[in-house]
Amino acid sequence: MASRVPLSCRLAGRIASRPAASSPPSFTSRTVVRQQLQQQRRQRRHYSSSEPPRSSSGNRIKFWPFFGVIALGSAGYVMLVNRRKEMPPAIDAPQSAGQLPQPPKSTPTFSPDDVTVLFVLGGPGAGKGTQCARLVSEHGFTHLSAGDLLRAEQERPGSQFGDLIKNYIKDGLIVPMEVTVQLLENAMADALRKAGSAKGRFLIDGFPRKMDQAHRFEEAVCPARMVLFYDCPEAVMEKRLLERGKTSGRADDNAESIRKRFRTFVETSMPVVDYYEKEAKVVKIDATASPDKVFAETQKRLAERLGSNF
């Protein structure tokens, strides 16, 4: 049986086996640490003092370059405006041939007391040409077609406006209304001269197509007495034009071109009809019947407006 070791001996052995506690730092080591800290502070102060001092105005925005740019831009704009003033006016359309008519006159050329003007309007295929021909043959009207006058003037040798019309058409431009109105005025004067009279009655077919044409004509040539409007549905007009196209040889007597002409008429000419209707100057005639019935209605309505012996 093993002998027991006394408690005092065991305690003494444990104490002897423990590592010795570290001794507190000496005064010398604390002095060294303090000197190192002081040296680091001196180095930081040295680095900070070696940087160049910043100017208090370094963060300020300098505005003078902006003022300089604005001044230069303003000067350039003024120079551009002055240069444009010195440039000749631009030419919007060819004017190499023919001269445009004179500016509007203070009074129309013809008095409505001497000259009666009837505008004849209606969609393509409404029968305007047929009815005008009957009125000319039976009642002595003079029939003038704006389109026919332009085409004839374009081909007439020595024409004042022939080359001008060709140039506008070639460039895809609309012939100035001044030219069309002048051609109508010339044709009216020529008809009166041939008749040897200052009095006359005119059917102006397919004119005016726009409101500015109507105003120009009435201011410069003669106020219109009334508007003959041949009203016809598009379906009926299209059927007539397609039938006519079988023998007419006209390139625009096809379904696609016909519908384009319908749209043009509605957009440009119907406002003219609406304007004169408000002036109580429109005589609307149903053009769906046969040519004879339409002509009978035309005569009846004209007699109501112009008298039985018109």
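Helices (H or I, at least four residues) and strands (E, at least two) on this tour are DSSP runs, numbered from the N terminus. With that in hand, start at A280, which sits in the loop between α10 and β5 (282-286). Keep in mind as you go that this is a predicted model.

**Stop 1: A280**

Select A280 and look at its backbone. Its phi is near 60°, a positive value in a residue other than glycine. Is A280 buried or exposed? Its relative accessibility is 56%, so A280 counts as exposed.

**Stop 2: the whole chain**

Now zoom out and colour by secondary structure. You should find 11 helices and five strands. Of the 310 residues in the chain, 29% are buried. If you show the surface, it comes to about 21200 Å² exposed, with carbon and sulfur atoms supplying 55% of that area. A contact map is worth a glance here too: among contacts with a separation of 6 or more, 76% are between residues 24 or more positions apart.

**Stop 3: α10 and its partner α9**

Go to residues 255-278, which form helix α10, and add residues 234-248, which form helix α9. The two pack at an angle of about 140°, and their axes are 10 Å apart. That angle makes α9 oblique to α10, because only values over 145 degrees count as roughly antiparallel. The crossing of this pair is right-handed.

To see the contact itself, show side chains on both helices. On the α9 side, pick E234, M237, E238, L241, L242 and R244. Facing them from α10 are A255, I258, R259, R261, F262 and V266. Sorted by class, the contact of α9 with α10 has seven nonpolar residues, five charged ones and no polar ones.

**Stop 4: α10 and α8**

Keep α10 selected and swap α9 for helix α8, residues 211-220. Here the packing angle is about 50° and the axes are 8 Å apart. The α8 and α10 helices are therefore oblique to each other. Which residues make the contact? From α8 come M211, A214, H215 and E218, and from α10 come P271, V272, Y275 and Y276. By class, the contact of α8 with α10 has six nonpolar residues, one polar and one charged.

**Stop 5: V273**

Stay in helix α10 and select V273. At 2% relative accessibility, V273 counts as buried. Leaving aside residues up to four places away in sequence, V273 touches L121, F229 and V282. You can also draw a distance line to L228: the C-alpha atoms of V273 and L228 are separated by 9.3 Å, although the two residues are 45 apart along the chain.

**Stop 6: P208**

Next, move to the loop between β3 (200-205) and α8, where you will find P208. What kind of peptide bond joins F207 and P208? The bond is cis, with omega about 0°.

**Stop 7: T116**

Finish in strand β1, residues 115-122, by selecting T116. Its relative accessibility is 14%, so T116 counts as buried. Expand the selection to its contacts, not counting residues up to four places away in sequence, and you will pick up G200, R201, F202 and R225.

Key. Residues numbered from 1 in each chain as written. Predicted model: local features only at pLDDT ≥ 70, side-chain atom pairs only at ≥ 80, totals over all residues. Heavy atoms only, no water. Axes fitted to C-alpha atoms, helices over the stretch in contact; angles between N-to-C directions. Parallel < 35°, antiparallel > 145°, perpendicular 65-115°, else oblique. Left-handed = near helix turned anticlockwise from the far one by under 90°. Contact = heavy atoms within 4.5 Å. Nonpolar A, V, L, I, M, F, W, Y, C, P; charged D, E, K, R; others polar. Buried < 20%, exposed > 50% of the residue type's maximum accessible area, 1.4 Å probe, protein only. Areas by Shrake-Rupley, 256 points an atom, 1.4 Å probe, with all protein chains shown as cover.
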